[in-house]
Amino acid sequence: MSHKLDINIEPAQTTLVPKKIFNPERSQAFVELNFEFDSTSQVVLSETCNDIVFLSVVDQKIYDVAMSMFPTGKFFSTYHLLYQAFEKSTRLDKRSKHQVFLNLTANSFDLFVFEKKQRLIFANTFTYQSANDLLYYLLNVVNRLKIDTGGLTLKMIDSTRDSENLMSILESYFLSVNKFSDDENPLSWRVGIQPGLWLINPALCE
């Protein structure tokens, strides 16, 4: 019996492409349209979720280490894991027209916005230095999407040390702010191997 190993690689950057216009042979060209791509030091990891293709730029050294350690492993980006968890969570709330999710770290956050029927309408990563920076980017996106925050629930994965302060700031603008439990958080399922590289569900067998 062989073990199935899912490997999570932290991407440097990720962009989203509608599946209907995506051509796997032009992955690098799609990436170059969105951000600078250094082909000597990075590779592109493509993953499909429903009608969306996630294209992630991955550090070449980390990718090479992962391939040498786990040649039969299946590789995922963090964006892929977050999308799956957030999309699943939208099914639990039938009331809201829109749902907003954050994956918050010490200096950046991933922002996902879904419409009803689990349709992803926005995803991006922002760097920030203060709670005001975070609030500015978050409200700017919500306003551009013409979403009323007064009836909106924000759900977040928070690995920062200043979570209580951030929660109190965010609660002033949203109907409610909730955190993912460890059971819901896909990033809590990982086992660290080295920076940028993780095992997911190492006990699964096939």
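A residue is called buried here when its relative accessible area is under 20%, and exposed when that area is over 50%. Phenylalanine 86, at 0%, therefore counts as buried. Keep that cut-off in mind as we walk through this structure, which is a predicted model.

## Aromatic rings

Let us stay with phenylalanine 86 for a moment. It forms a tilted aromatic pair with phenylalanine 180, with 5.5 Å from centre to centre and 50 degrees between the planes. The two partners are 94 residues apart: phenylalanine 86 sits in helix H3, and phenylalanine 180 in the loop between E10 and E11. Phenylalanine 180 is buried too, at 10% relative accessibility.

The structure holds 15 aromatic pairs. In another of them, phenylalanine 54 and tyrosine 79 have ring centres 6.2 Å apart and planes at 70 degrees, so this pair is edge-to-face. Here strand E4 supplies phenylalanine 54 and helix H3 (residues 78–90) supplies tyrosine 79, with their positions 25 residues apart in the chain. Both rings are shielded: phenylalanine 54 is buried with a relative accessible area of 0%, and tyrosine 79 is buried with 4%.

Which residues do ring pairs link into a cluster? They are Phe54, Tyr79, Tyr83, Phe86, Phe101, Phe112, Phe114 and Phe180.

## Nonpolar cores

In soluble globular proteins, nonpolar side chains tend to be buried together. The largest nonpolar core in this model has 24 residues, and the members that touch the most others are Leu102, Phe109, Leu111, Leu138, Leu154, Leu170 and Phe174. Two or more residues come from each of E6, strand E7 (108–115), H4, E9 and helix H5 (163–170). Of these contributors, H4 gives the most, with seven residues.

Phenylalanine 109 makes a good vantage point. Leaving aside residues up to four places away in sequence, phenylalanine 109 touches Leu102, Asn103, Leu104, Asn124, Thr125, Phe126, Tyr128, Leu134, Tyr137 and Leu138. A separate core of 18 residues lies apart from the largest one, and its members include Cys49, Tyr79, Phe101 and Leu120.

## Salt bridges

How many salt bridges does a search of the whole structure find? The search finds four, and three of the pairs are set out here.

| Basic residue | Acidic residue | N to O distance |
|---|---|---|
| Arginine 190 | Glutamate 10 | 2.9 Å |
| Arginine 119 | Glutamate 115 | 2.6 Å |
| Lysine 155 | Glutamate 184 | 3.1 Å |

Lysine 155 lies in strand E9 (residues 153–158) and glutamate 184 in the loop between strand E10 (176–179) and E11, so this bridge ties together parts that are 29 residues apart in sequence. Lysine 155 is buried at 16%, whereas glutamate 184 is partly exposed at 30%.

The bridge between arginine 190 and glutamate 10 links positions 180 residues apart, with arginine 190 in strand E11 (residues 190–194) and glutamate 10 in the loop between strand E1 (6–9) and strand E2 (13–18). Arginine 190 counts as buried, at 14% relative accessibility, while glutamate 10 is partly exposed at 29%. In the remaining tabulated pair, arginine 119 is partly exposed with 46%, and glutamate 115 is partly exposed with 24%.

## Strand E1 and its partners

In a regular strand the side chains alternate between the two faces of the sheet. In E1, Asp6 and Asn8 point one way and Ile7 and Ile9 the other, and all are buried. E1 runs parallel to strand E5 (residues 74–77), to which four bridges join it; the partner of isoleucine 9 in E5 is serine 77. E1 runs antiparallel to strand E12 (residues 197–200), again joined by four bridges, and here asparagine 8 is partnered by tryptophan 198.

## A buried glutamine and two positive phi angles

Glutamine 99 belongs to strand E6 (residues 98–104) and counts as buried, at 10% relative accessibility. A polar atom of the glutamine 99 side chain lies 3.2 Å from the backbone oxygen of threonine 90.

Most residues other than glycine have a negative phi. Asparagine 50, however, has a positive phi of about 55 degrees. It sits in the loop between strand E3 (42–49) and strand E4 (52–59), and is exposed at 55%. Lysine 146 also has a positive phi, near 60 degrees. Its place is the loop between helix H4 (131–144) and E9, where lysine 146 is exposed with a relative accessible area of 73%.

Methods: Residues numbered from 1 in each chain as written. Predicted model: local features only at pLDDT ≥ 70, side-chain atom pairs only at ≥ 80, totals over all residues. Heavy atoms only, no water. Buried < 20%, exposed > 50% of the residue type's maximum accessible area, 1.4 Å probe, protein only. Polar contact = N/O pair within 3.5 Å; in protein donor to acceptor, adjacent residues only side chain to side chain. Salt bridge = Lys/Arg side-chain N within 4 Å of Asp/Glu carboxyl O. Pairing = 2+ DSSP bridges. Core = buried A, V, L, I, M, F, W, Y, C linked by side-chain atoms within 4.5 Å. Contact = heavy atoms within 4.5 Å. Phe/Tyr/Trp six-rings, centres within 6.5 Å; stacked < 30°, edge-to-face > 60°.
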